[in-house]
Amino acid sequence: MSFIESKAVQLLTDLPEALLITTSSGEIVFFNNAIALQSGFDRDEMLGEHVSLLLPQSSRRKVDVMTWFSRWAEHPDPEQLRYLSLAGIRKSGEERRYQVRVSSFKDEPETYFVVVLRDVTEEQEQTAELRH
């Protein structure tokens, strides 16, 4: 790995935004420090696992997350300038609400998905309290 490549990996690892990278089949190949802190999962235990482990059981049955990532990355539209909402789960079992952005890149023959997550659980709870 070149000096620039190693610096880029370090930058992504230490980025304050929660970020992960998956293969087209959903295997997690990169899991940065921010998402480890946000999810409660250790980076080393998540590498090689399927991204659906970050979804609640109820969502795993309803959502094919890789089809969603693929469609979103392949057919961008102005709506994607905003984050899309997705249910997530922490290692403790606590359900959270995330805003998600997805982009992709190819390293032939594989396609990778770069996923950025923002935990908006408290923000949504506060908004709900203000409405009542």
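In what order do the five strands of the open sheet stand? In this predicted model, the order is E2-E1-E5-E4-E3, and the strands pair in the antiparallel sense. Strand E2, residues 28–31, and strand E3, residues 84–89, stand at the edges; each has a single partner strand, so one side of each is left without a neighbour in the sheet. The sheet is also twisted from strand to strand: on average, and with direction ignored, neighbouring strands are turned by 35 degrees against each other. As a helpful reminder, strands of a sheet pair through backbone hydrogen bonds, in either a parallel or an antiparallel way.

It is worth following the chain from the E3 edge inwards. Strand E3 pairs with strand E4, which covers residues 95–107, and six bridges link the two in the antiparallel sense. Two of the residue pairs can be found by eye in the structure: Leu86 has Tyr98 as its bridge partner in E4, while Ser85 has Gln99. Between E3 and E4 lie five residues, and together the two strands form a hairpin. Within that turn, Gly93 has a positive phi of about 95 degrees.

The next step leads from E4 to strand E5, residues 110–119. These strands run antiparallel and are joined by 10 bridges. One pair to look for is Ser103 with its bridge partner Val114 in E5. Here too the connection is a hairpin, with two residues leading from E4 to E5.

Thr22 offers a good view of strand E1, which spans residues 18–23. Its relative accessibility is 0%, and Thr22 therefore counts as buried, the cut-off being under 20%. Leaving out residues up to four places away in sequence, Thr22 touches Glu27, Ile28 and Val29, as well as Val51 and Met66. The list of contacts is completed by Thr111, Tyr112 and Phe113. Of these, Ile28 and Val29 bring in strand E2, and the last three bring in strand E5.

And what surrounds Gln38 beyond its neighbours within four places in sequence? This residue is found in helix H2, residues 33–39. Gln38 has a relative accessible area of 18%, so it is buried. Outside its sequence neighbourhood, Gln38 is in contact with Ala18, Arg90, Tyr98, Leu117 and Asp119. Among these, Tyr98 is already familiar as the bridge partner of Leu86. Finally, Gln38 and Ile89 lie 51 residues apart in sequence, yet their C-alpha atoms are 10.0 Å apart in space.

Definitions and conventions. Residues are numbered from 1 along each chain as its sequence is written. This is a predicted model: local features need pLDDT of at least 70, side-chain atom pairs count only at pLDDT 80 or more; totals for chains, interfaces and linings use all residues. Side-chain values use heavy atoms; hydrogens and water are left out. Two strands pair if DSSP finds at least two bridges between them. Helices (H or I, at least four residues) and strands (E, at least two) are DSSP runs, numbered from the N terminus. Axes are lines fitted to C-alpha atoms, for helices over the stretch in contact, and angles run from 0 to 180 degrees between N-to-C directions. Buried means under 20% relative accessible area, exposed over 50%, partly exposed in between (1.4 Å probe, protein chains only). Contact means heavy atoms within 4.5 Å.
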